[in-house]
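Hi,

Here is the structure I promised to pass on. Have a look at it first, and then read on for what turned up when I went through the charged side chains.

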Amino acid sequence: MSRSAQHLQEAADWLTRLQRPEVEETDWLAFDAWLSEPGAQEAYDAIQAVDEEIFQRGAAVRGELAEPKRATAKRAFTIDWRWLGGLGVAAAVAAVAIVVAPWGELLPQPDTLYTTAKGENRAIQLADGSHIDLNTDSHLSVRLDKDARRVTVHDGQALFDVAHDTARPFLITAGDETVRVVGTKFDVRRRDGQLSVTVLRGLVEVSTDGEDSPVRLRPGQMLEHIEGASGVVVRAVAAEDQVGWRSGRLIYRDQPLGRIVSDMNHYFDRPLRLEGETAANLRFSGVLIVDGQDAMVRRLTSLMPLSATPTDDSIVLRGKSSTPN
């Protein structure tokens, strides 16, 4: 088997594996490592395209699979190979591995997984007309059912511009929160066990496990919640600041330095580390342009009382003493 064909088979395996209910953080880390291999991202995109085609043709395929069970004279199941022609023979073979399991079931479930690598943003157009901008190092899955449109934010951040459809609410699950909308524009962030929802246009309702009633958010409001904890905080924000990442800007207003470091670590492979109580207590207001890591670190240390020390595997940030030695 050629390396490209092997990548396609591996991509098909990952697409199925990551949609299982028992998927864990170790699975995501392994998937990220696999995506960094040359040719892996292209293979995954090809298999994902096949998966989306399967979803669109799912009813017809299911009918073909069910037909032998109903008919007294069984006939062979056939697939129209013409719609796979653009992907090449290897992709078509991998596609059939997804479509038909040995026991005649359709795999995987009609969820489409979308991911971005570190430093990558991605624009996604859904079949219902909704649009998603996916931030760096993010993972979400989408399922468009007849009664609802369902999204799960596994990790990361996304800006949603939802097409109006009163018959099919748009439901987003992020940790222990569920966001319900009909048509609006809003940002959802799930990082390090912290969840936030910011509304730019329209209205959304956010339900949290253990809370009695949902919270309704209006434009310019942000809801913040720690996953697994009780209660939420709702505050007024400059909503456009929360989506500055779309134009390569990270905008902060009195945020702890740990938040800034966490955000930067989703863009670059070489991690930043905070060291010392002084650095941990610092807060930052300002704008960071997203370009090279060294340039961003230089800007940060010029704006804050910080020193940056490169090591073999990281960059250590330490707070500078406010009193002379």
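Let's start with Asp-291 and Arg-299, whose side chains meet in a salt bridge, 2.6 Å from N to O. Keep in mind that this is a predicted model. Are these two buried or exposed, or something in between? Asp-291 has a relative accessible area of 35%, so it counts as partly exposed, and Arg-299 is partly exposed too, at 28%.

Next, take a look at Asp-241 and Arg-253. Their side chains form a salt bridge at 2.5 Å, N to O. The two sit in distant parts of the chain: Asp-241 belongs to helix 6 (residues 239-242) and Arg-253 to strand 14 (residues 249-256), 12 residues apart. Their surroundings contrast: Asp-241 is buried because its relative accessible area, 14%, is under 20%, whereas Arg-253 is exposed because its 57% is over 50%.

Then there is Arg-149, which pairs with Asp-128 in a salt bridge of 2.6 Å, N to O. This one also ties distant parts of the chain together, 21 residues apart: Arg-149 lies in strand 5 (149-161), and Asp-128 in the loop between strand 2 (122-125) and strand 3 (131-134). Both Arg-149 and Asp-128 are buried.

One more thing to look for is a network of salt bridges that links Asp-111, Arg-143, Asp-145, Asp-147 and Arg-150.

And how many salt bridges are there in the whole structure? The search finds 18.

Cheers

Note on methods:
Residues numbered from 1 in each chain as written. Predicted model: local features only at pLDDT ≥ 70, side-chain atom pairs only at ≥ 80, totals over all residues. Heavy atoms only, no water. Salt bridge = Lys/Arg side-chain N within 4 Å of Asp/Glu carboxyl O. Helix = DSSP H or I, 4+ residues; strand = E, 2+ residues; numbered from the N terminus. Buried < 20%, exposed > 50% of the residue type's maximum accessible area, 1.4 Å probe, protein only.
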